[in-house]
Amino acid sequence: MSTPTAVLPAQAAARLDHYTVVDVRTPGEYAAGHLPGAHNVPLDHLHTALPALKAAAARRDLLMVCASGGRSAQACGTLAGADITATTLTGGTTAWAAEGHDLSRPGTGATAGWAMERQVRLAAGSLVVLGLAVGSRWKPARWISGAIGSGLVFSAVTDTCGMAAVLGKLPHNRGRAADLDSTMAALQQ
């Protein structure tokens with residue numbers, strides 16, 4: 001089994017033409033800005049794309065990317081389990097942009113969605129406020145706020161986010177099947 005490695009944004013930028021860059025964020029996040037030349041294979045579709053990724057890895061090193069490095073490290077672990085060597089970008093696109101490297105954005109007419117972290121903050125905050133507001137009339141509704149708070153603590157401790165997983169399945173965060181098919185075809189060429 002291959003061991004995943006990590007590179008800093010400056011190291012990745014210096015060797016970007018040696019990598020096949022795979023962005024594992026949702027299509028909405030990808031549209032908001034991605035590394036130049038990156039292919040979008042959302043994390044929940046990684047198993048479907050394994051044959052295409054194996055073919056791409058046979059030609060060039062794979063660089064897995066997400067917003068902060070968490071999902072791309074998870075993707076590297078999945079790929080390592082399939083005996084595919086991959087590298088993760090430390091700090092993800094956030095660190096990449098913070099170091100002054102360019103992000104590609106779609107042309108006019110494409111819609112860029114909110115980053116997943118922003119979507120989670122909106123959903124969690126809204127549910128807490130709802131729980132408190134309804135709880136002023138019906139006391140058991142305050143448990144909603146408590147449950148969301150507990151979920152956020154669990155998320156921080158385990159470095160996972162169940163709410164992000166659920167939000168990632170919403171239609172505005174899902175790409176069209178044709179997008180994934182064309183990405184997989186490009187990875188196999």
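Is Ser104 buried, exposed or partly exposed, and what is its relative accessible area? Ser104 is partly exposed, with a relative accessible area of 25%; that value fits the label because buried means under 20% and exposed means over 50%. Welcome to this structure, which is a predicted model. The chain holds nine helices and five strands, and the points below start with the whole chain, move to the sheet and then visit a few single residues.

**The chain as a whole**

- Following the sequence, you will meet helices and strands in the pattern β-α-β-α-β-α-β-α-β-α-α-α-α-α.
- The C-alpha trace spans about 60 × 40 × 35 Å along its principal axes.
- Of the 189 residues in the chain, 37% are buried.
- Among contacts with a separation of 6 or more, 70% are between residues 24 or more positions apart.

**The sheet**

- The five strands form an open sheet in the order 1-5-4-2-3, and their pairing is parallel.
- Strand 1 (5-7) and strand 3 are at the edges with a single partner strand each, so one side of each has no neighbour in the sheet.
- Strand 2 (residues 19-23) and strand 4 (residues 61-65) run parallel and are joined by five bridges.
- Strand 2 is also linked to strand 3 (residues 39-40), again in parallel, through two bridges.
- On the other side of the pairing list, strand 4 and strand 5 share three bridges in the parallel sense.

**Who stands opposite whom**

- Tyr19 has Asp61 of strand 4 as its bridge partner.
- Thr20 faces Leu62, which belongs to strand 4.
- Leu62 in turn stands opposite Ala86 in strand 5.
- Asp23 has Asn40 of strand 3 opposite it.

**Strands 2 and 4 under cover**

- Strand 2 is mostly covered, as five of its five residues are buried.
- Which residues of strand 2 point one way, and which the other way? Tyr19, Val21 and Asp23 point one way, while Thr20 and Val22 point the other way, and all are buried.
- Strand 4 is largely enclosed by the rest of the structure, because four of its five residues are buried.
- Helix 4 (residues 70-81) lies across strand 4 and strand 5 (86-89), and its direction is at about 175 degrees to that of strand 5.

**Around the ring of Tyr19**

- Arg15 lies over the face of Tyr19, at 5.1 Å from the ring centre.
- How many aromatic pairs does a search of the whole structure find? The search finds zero aromatic pairs.

**Ser104, back to the opening question**

- Ser104 is located in the loop between helix 5 (92-98) and helix 6 (116-135).
- Apart from neighbours within four places in sequence, Ser104 is in contact with Gly33, His34, Leu35 and Pro36.
- Ser104 and Ala32 are 72 residues apart in sequence, and their C-alpha atoms are 8.5 Å apart in space.

**Ser145 in helix 7**

- Ser145 is found in helix 7 (residues 142-158).
- Ser145 has a relative accessible area of 12% and is therefore buried, since buried means under 20%.
- The backbone oxygen of Val128 is reached by the side chain of Ser145 at 2.8 Å.
- Leaving out residues up to four places away in sequence, Ser145 touches Leu127, Val128, Gly131 and Leu132.

**Thr183 in helix 9**

- Thr183 sits in helix 9 (residues 177-188).
- With a relative accessible area of 12%, Thr183 is buried.
- Thr183 touches His39, Asn40 and Val41, when residues up to four places away in sequence are not counted.
- Asn40 also appears in the sheet, where it stands opposite Asp23 from its place in strand 3.

**A backbone detail at Asp83**

- Asp83 is in the loop between helix 4 and strand 5.
- Phi of Asp83 is near 60 degrees, a positive value in a residue other than glycine.
- That is worth a look because most residues other than glycine have a negative phi.

Key:
Residues are numbered from 1 along each chain as its sequence is written. This is a predicted model: local features need pLDDT of at least 70, side-chain atom pairs count only at pLDDT 80 or more; totals for chains, interfaces and linings use all residues. Side-chain values use heavy atoms; hydrogens and water are left out. Buried means under 20% relative accessible area, exposed over 50%, partly exposed in between (1.4 Å probe, protein chains only). Two strands pair if DSSP finds at least two bridges between them. Rings of Phe, Tyr and Trp (its six-membered ring) pair if their centres lie within 6.5 Å; planes under 30 degrees apart count as stacked, over 60 as edge-to-face and the rest as tilted. A charge sits over a ring if NZ of Lys or CZ of Arg is within 6 Å of the ring centre and within 35 degrees of the ring normal. Contact means heavy atoms within 4.5 Å. Axes are lines fitted to C-alpha atoms, for helices over the stretch in contact, and angles run from 0 to 180 degrees between N-to-C directions. A polar contact is a pair of N or O atoms within 3.5 Å; within protein, one must be able to donate a hydrogen and the other to accept it, and residues adjacent in sequence count only if both atoms are side-chain atoms.
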